[in-house]
Amino acid sequence: IRSKSLDEGAVICLCSTDNTKRIPHERLCCPPLGLESLRVDDSQIQASSYQRMGLGPHRGRLNIQSGIEDGDMYDGAWCAMHRDQHQWLEVDALHLTRFTGVILQGRNSIWSWDWVTTYKVQLSNDSVTWSSCMNGTQEAIFEGNQNPEIPVLGRLPVPTVARFIRINPQSWYPNGTVCLRAEVLGCRVDDPANRLDSEGDTVSPDSLDSLDFRHHNYTEMRKLMRSVAEECPDITHIYTIGKSYLGLKLYVMVISDNPTKHELGEPEFRYVAGMHGNEVLGRELVLNLMQYLCKEYKKGNRRVVRLVTETRIHLLPSMNPDGYESAYEKGSELAGWAEGRYTVEGIDLNHNFPDLNNIMWQAQEKAGDATKVANHYIPMPEYYTEEDATVAPETRAVINWMQEIPFVLSANLHGGELVVTYPYDCTRDWAPQEDTPTADNAFFRWLATVYASTNLVMSNPNRRHCHYEDFQRHHNIINGGAWHTVPGSMNDFSYLHHNCFEVTVELSCDKFPHASELPIEWENNKESLLVYMEQVHRGIKGVIRDKVTKKGIPDAIVKVEDHSHDIRSAADGDYWRLLNPGEYKVVVWAEGYFPSMRRCQVGVEPRPMICDFTLTQTPIERLKEIRASGGKVPQDLQLRLRALRLRKLRPAG
């Protein structure tokens with residue numbers, strides 16, 4: 001152990017570690033300072049030089065992504081102006097920090113290959129006097145990268161206390177230049193020379209909710225779900241919808257006052273997380289939400305009790321468990337940008353649903369009249385149902401799940417950006433980017449706004465862009481096609497094949513936040529998760545019944561005037577039509593019945609207007625049913641059938 005006076009600008013080494021031992025991913029001595037998560041401000045990062053603004057020190061953040069054109073303002077790394085060993089990237093931790101390691105990455109670019117192969121680390125308390133990180137009696141040389149994307153951890157031989165840290169490249173890819181993206185690992189410590197400096201002053205407060213804030217692998221996820229079910233057995237039910245390619249079960253938890261079955265008139269809601277296995281925040285938020293709803297329901301929280309008693313909530317924390325396990329093994333900082341994104345078969349699940357958009361658009365063009373073509377419940381194309389179709393078992397499981405339960409509203413939780421996208425995700429004529437609204441564009445924009453405006457980070461006007469796009473100018477919501485086209489997305493499929501409205505929520509700039517970030521991420525998203533679920537109660541709902549038998553009529557079509565997207569009633573005849581406030585002309589019809597029309601008023605409160613319908617069978621259909629049951633044809637029906645026959649016999653004109 002060595003030490004010098006802090007006034008002399010020296011550093012203090014506290015302990016030694018065995019550099020040969022593998023440290024588990026969540027125990028890298030200290031958490032990241034927050035270059036990737038943006039907790040470290042641009043003003044805290046300096047550099048010896050840089051080629052241009054878009055390659056400035058503020059771009060030297062782990063996993064930061066560049067625009068396609070490597071634009072001047074938003075490029076994919078810090079790149080020094082000069083190719084020599086005197087270049088450096090400096091980070092000011094603002095407080096005394098025990099530094100334990102550095103994680104390095106090359107430049108993100110589709111045009112250039114640049115990365116650092118070896119580097120030194122220097123530390124200081126005043127940014128004037130610097131001490132090199134030593135490995136015994138020699139300056140430590142750290143191994144850098146072998147390609148642009150795979151992060152490499154360099155652990156300091158001796159964890160060292162300082163305020164400033166510099167990364168000093170020594171060699172780089174021969175055909176490239178000095179470029180890097182980085183994260184720094186460090187633990188805040190008290191400064192004995194500054195009584196006002198206490199760790200609690202600037203550290204983000206933990207959540208007040210007593211939840212299990214850590215990353216859960218498959219085994220731990222099952223244990224947590226089981227513990228919630230045991231704590232709240234009356235309102236929870238766990239089931240599986242299928243298995244992954246490697247045989248891991250896709251678990252769902254239902255939370256409702258009658259969780260095991262659909263109740264007449266009660267809407268079905270779902271959150272789906274982990275479609276991309278390395279975008280893990282959604283998984284943990286869904287697990288947090290399970291715990292929160294259980295605990296708050298037991299406490300009698302009126303808002304939660306109302307949600308649980310009036311809604312059947314389905315929570316799928318991991319749609320791609322195989323991908324997650326791959327990312328989890330590497331850990332939050334070392335998984336990189338793509339590790340675990342795809343399934344084991346290499347399938348991107350968000351492009352794996354059938355493309356019903358183009359089937360509908362092509363049919364409309366061929367017919368020449370959009371009203372003559374189905375705008376909902378579009379059947380899956382034949383190619384998609386063949387045995388050799390490239391369809392992941394995870395995708396098939398989710399499709400079957402959708403077909404079994406009459407979901408009304410959903411959100412698909414992703415990561416890597418801060419924005420909420422809404423359908424359509426797929427553009428017409430395969431345009432790379434084009435605003436492609438649905439018939440319910442106004443309501444989808446409302447849904448997206450509800451989440452974005454209540455998210456504490458998205459709604460912060462002073463927040464930094466994640467990568468290169470400024471979504472704040474769109475109020476943090478955007479049409480999926482206007483961002484980038486995604487044929488075969490789950491959002492579009494939900495809307496066109498079923499009754500379910502669905503948006504995608506990009507939850508954070510960091511796809512795999514460190515466990516220490518999870519409490520504040522829960523606080524950032526808690527209100528958004530709750531208020532979004534409450535939107536399932538907007539619009540109109542009711543039951544469509546047979547006038548004589550009083551039984552519910554399944555598959556009755558509900559048409560709203562000026563909304564060219566219909567929905568259908570569920571197996572018991574109940575239906576839900578999400579709508580913004582206003583008065584609507586609603587027409588309901590079913591095969592074998594006369595249509596019925598009502599005007600339904602939707603208020604501003606998240607309370608549905610009840611619009612029940614009673615349908616009268618056509619005489620011919622009623623006659624078929626009576627004869628099939630062996631009953632006697634009543635006199636009124638005989639008279640109506642006779643009148644129909646006479647009408648047909650009258651000469652035309």
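**Charges over rings**

Start by selecting Arg270 and Phe407 in this predicted model. The charged end of Arg270 sits over the ring of Phe407, at 4.8 Å from the ring centre. Now move to Arg283 and Tyr324, where you will find a second arrangement of this kind: the charged end of Arg283 sits over the Tyr324 ring, 3.5 Å from its centre.

**An aromatic cluster**

Next, bring up the aromatic side chains. Across the whole structure, a search finds 22 aromatic pairs. Take Tyr495 and Phe501 as an example: their ring centres are 5.4 Å apart and their planes meet at 85°, over the 60 degrees required, so this pair counts as edge-to-face. Are these two residues buried or exposed? Tyr495 and Phe501 are both buried.

Keep that pair on screen and add Trp361, Tyr424, Phe443 and Phe444. Ring pairs link these four residues with Tyr495 and Phe501 into a cluster.

**From the cluster to a cis bond**

Stay with Tyr424, one of the cluster members, and display the backbone on its N-terminal side. The peptide bond from Pro423 to Tyr424 is cis, with omega near 0°. Most peptide bonds are trans. Tyr424 itself lies in the loop that runs between β17 (419-422) and α8.

**A covered helix**

Tyr495, also in the cluster, leads to another stop: select helix α10, residues 490-497. How many of the residues of α10 are buried? The helix is mostly covered, with 8 of its 8 residues buried. You can click through them as Met490, Asn491, Asp492, Phe493, Ser494, Tyr495, Leu496 and His497.

**Helix α8 and the loop after it**

Now select Ser453, which has its place in helix α8 (residues 441-454). Its relative accessible area is 44%, so Ser453 is partly exposed. Draw a distance from its C-alpha atom to that of Ile477: the two residues are 24 apart along the chain, and these atoms are separated by 9.4 Å.

Between α8 and β18 (477-479) runs a loop, and His475 is in it. Check the backbone angles there: phi of His475 is near 60°, a positive value in a residue other than glycine. Most residues other than glycine have a negative phi. Is His475 buried or exposed? With a relative accessibility of 62%, His475 counts as exposed.

For another positive phi, jump to Lys550, where the angle is about 65° although the residue is not a glycine. Lys550 is found in the loop between β20 (540-546) and β21 (557-560). Its relative accessible area is 53%, so Lys550 is exposed too.

**A buried loop residue**

Select Asp75, in the loop between β2 (45-47) and β3 (78-79). Aspartate 75 has a relative accessible area of 0%, so it is buried. Add Leu55 to the view: Asp75 and Leu55 are 20 residues apart in sequence, and their C-alpha atoms are 5.7 Å apart in space.

**The largest cavity**

Turn on cavity display. A search of the whole structure finds 4 cavities of 30 Å³ or more, and the largest of them has a volume of about 40 Å³. To see what surrounds it, select Leu35, Glu36, Leu38, Arg61, Leu62, Ile64, Cys466, His467 and Cys509, which line the largest cavity. How do these lining residues divide by class? There are 6 nonpolar, 1 polar and 2 charged residues. Colour by domain as well: the lining of this cavity draws at least three residues from each of domain 1 (42-188) and domain 2 (218-356 + 406-536).

**The second largest pocket**

The last stop is an open space. The second largest pocket has a volume of about 1,200 Å³. It is lined by 41 residues, and those that lie nearest its centre are Ile68, Tyr468, Glu469, Trp483 and His484. By class, the lining of this pocket has 9 nonpolar, 21 polar and 11 charged residues.

Which elements should you highlight around the pocket? Among the contributors are α9 (480-483) and β19 (501-506), each of which supplies at least two residues of the lining. With the domain colours still on, look at both sides of the pocket lining: domain 1 (42-188) and domain 2 (218-356 + 406-536) each provide at least three residues.

Key: Residues are numbered from 1 along each chain as its sequence is written. This is a predicted model: local features need pLDDT of at least 70, side-chain atom pairs count only at pLDDT 80 or more; totals for chains, interfaces and linings use all residues. Side-chain values use heavy atoms; hydrogens and water are left out. Rings of Phe, Tyr and Trp (its six-membered ring) pair if their centres lie within 6.5 Å; planes under 30 degrees apart count as stacked, over 60 as edge-to-face and the rest as tilted. Buried means under 20% relative accessible area, exposed over 50%, partly exposed in between (1.4 Å probe, protein chains only). A charge sits over a ring if NZ of Lys or CZ of Arg is within 6 Å of the ring centre and within 35 degrees of the ring normal. On a 1 Å grid over the protein atoms alone, a cavity is a set of points where a 1.4 Å probe fits but cannot get out, and a pocket is an open set with protein on both sides within 12 Å along at least five of seven lines; lining residues have an atom within 4 Å of a point. Grid points are joined across faces, edges and corners, and a volume is the space filled by probe spheres set on the points. Ala, Val, Leu, Ile, Met, Phe, Trp, Tyr, Cys and Pro count as nonpolar, Asp, Glu, Lys and Arg as charged, and the others, Gly among them, as polar. Domain bounds come from an automatic or database domain assignment. Helices (H or I, at least four residues) and strands (E, at least two) are DSSP runs, numbered from the N terminus.
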